[in-house]
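Reader: I like to check each label against its cut-off before I trust it. Could you take me through this one in that way?

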Amino acid sequence: MATVTNIQDLRAIAMRKVPRAIFHYADRGSYDETTLRANKADLAAIPLRQRVMIDVSDRSTATTMIGEKVALPLAIAPTGLTGLFHGDGEIHGCRAAQAAGIPFTLSTMSICSIEDVAGAVDKPFWFQLYVMRDRKFSESLIERAKAAKCSALVLTLDLQIQGQRHMDIKNGLAVPPKLTLANALDIATKPRWIASVLMGKRHSFGNLAVRQESDSLSTLSQWIAGQFDPSLSWKDVEWVRSIWPGKLILKGVLDVEDARIAAATGADAIVVSNHGGRQLDGAVSSIKALPKIVDAIGGGKSEIWFDGGVQSGQDILKARALGAQGCMMGKAFLWSLAAGGQAGVAKAIEIMRKELDVSMALTGVKDIEQVDRSVLAL
Ligand SMILES: Cc1cc2nc3c(=O)[nH]c(=O)nc-3n(C[C@H](O)[C@H](O)[C@H](O)COP(=O)(O)O)c2cc1C
């Protein structure tokens, strides 16, 4: 870890440490990956405004997200199969996040269950919900999140149906991971992953344990196609709202019209997101969508958050400048977890906090609360 200086270093280590199918699951996007690339390229293309000779001693990156204090405007995004990147990955990720003072979101599709994580950490975390065909089951997940004292529910709106990710199909990605002739050689070269994940006790969807008829349930994409519900509508958001009294975050809005409807639900936050370029390929990058949504619904009850391509403190600064109260990171989190478990995630958060801090200073800002569009050279 000593030679790791940025998130790309963690990605390179992750590539060496986990099997190809797992690495591709995190790293790649849907179809031609145009949106995946645009998320990063459009963030990179936004110029920051260099300012000089302004007293920038005593800086602070601390702020709030839905009223919760955060050391920097960053939360860990929900990511499915996190525990396949490192044994007990969700627990390691949550511990690292909480120690660093940022929120952690547990995915419905996690390997460690809600109860596993709740039993291993001492502060509340957030739970991400996919409403599946079986509404009773979705309701039971909400009840479990309440029992675990989750402090927010993140309801994901952009996966009624799955965008095709070619690499997951080509790699035959399955849960639990299957040892096949094709992947045996690759897996054999990852001894630490074998010890941490394959020889660990959790290999399958922790929250869905009761729902998996058998381990031979086929590939992940086929399974998702059977469980996810294309008939979901805003009525289901109302339904979730009626049974979840706590903070509600709606994730996966990219369009101004959808943002207006989402804001009208009274949600506490709306995440401008295209699922990290994993769903509609050809969709606009998240950072291009952000300012339009801020112009349309900013200043209302719902905070506006951002994800898609966040891999540095500069990215966080740009999103904040364009009106995002907070950001989420998906891939950067998974790479760091695969690279070094809890220490890897701690390292990633610290790298991004320092980058944000220095970039604020070099744009002449002392306090994250003062960041606005004036830090951009647009
Ligand atoms: C491997 C992987 C799995 C994901 N699984 C979920 C999930 O279970 N639920 C969800 O709401 N979003 C999921 N996402 C999307 C992330 O929450 C987030 O929107 C996205 O990763 C942000 O883009 P970034 O990866 O460029 O940071 C996943 C993303 C990745 C990379």
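Reader: Let me begin with one residue: in which helix is the place of Glu355?

Author: Glu355 sits in helix H15, residues 331-362. Helices here are DSSP runs of H or I with at least four residues, strands are runs of E with at least two, and both are numbered from the N terminus. Please keep in mind that this is a predicted model, in which local features need pLDDT of at least 70 and side-chain atom pairs count only at pLDDT 80 or more, while totals for chains, interfaces and linings use all residues. Residues are numbered from 1 along each chain as its sequence is written, and side-chain values use heavy atoms, leaving out hydrogens and water.

Reader: How do you know that Glu355 has no salt bridge?

Author: A salt bridge needs a side-chain nitrogen of Lys or Arg within 4 Å of a carboxyl oxygen of Asp or Glu. For Glu355, the nearest side chain of opposite charge (Lys and Arg count as positive, Asp and Glu as negative; His and the chain ends are not counted) is Lys354, 10 Å away. That is beyond the limit, so Glu355 has no salt bridge. Glu355 is nevertheless buried, a word that stands for under 20% relative accessible area, with exposed meaning over 50% and partly exposed in between (1.4 Å probe, protein chains only).

Reader: Which residues does Glu355 touch, not counting residues up to four places away in sequence?

Author: With contact meaning heavy atoms within 4.5 Å, Glu355 touches Asn6, Gln311, Ser312, Gly313 and Gln314.

Reader: Moving on to the strands, why is strand S6 called largely enclosed by the rest of the structure?

Author: 5 of the 5 residues of S6 (residues 152-156) are buried, so the strand is largely enclosed. Both faces are covered, with Ala152, Val154 and Thr156 on one side and Leu153 and Leu155 on the other.

Reader: What makes S5 and S6 a pair, and how many bridges join them?

Author: Two strands pair if DSSP finds at least two bridges between them. Strand S5 (residues 126-129) is joined to S6 by 4 bridges, so the criterion is met, and the two run parallel. One of these links has Trp126 with Ala152 as its bridge partner in S6. On the other hand, strand S7 (residues 247-253) is joined to S6 by 5 bridges, also parallel, and Leu155 has Leu250 as its partner in S7.

Reader: What kind of unit do S5, helix H6 and S6 make?

Author: S5, H6 (residues 135-147) and S6 make a right-handed β-α-β unit. The crossover is called right-handed because, with the strands pointing away from the viewer, the path from the first strand over the helix to the second runs clockwise. S7, helix H12 (residues 256-264) and S8 also make a right-handed β-α-β unit. There, 4 bridges join S7 to S8 in parallel, and Lys251 has Val271 as its bridge partner in S8.

Reader: What is the order of the open sheet of 8 strands?

Author: The order is S3-S10-S9-S8-S7-S6-S5-S4, with parallel pairing. Strand S3 (74-76) and strand S4 (105-106) stand at the edges with a single partner strand each, so one side of each is left without a neighbour in the sheet. S3 pairs with strand S10 (residues 326-329) over 3 bridges, where Leu74 stands opposite Cys327.

Reader: Back to accessibility: why does Tyr31 count as partly exposed?

Author: Its relative accessibility is 40%, which falls between the two cut-offs, so Tyr31 counts as partly exposed. Tyr31 lies in the loop between helix H2 (20-27) and helix H3 (34-44) and has a positive phi of about 50° although it is not a glycine.

Reader: And why does Met53 count as exposed?

Author: At 81%, Met53 passes the cut-off for exposed, so it gets that label. Met53 is found in the loop between H3 and strand S1 (63-65), with a positive phi near 55°.
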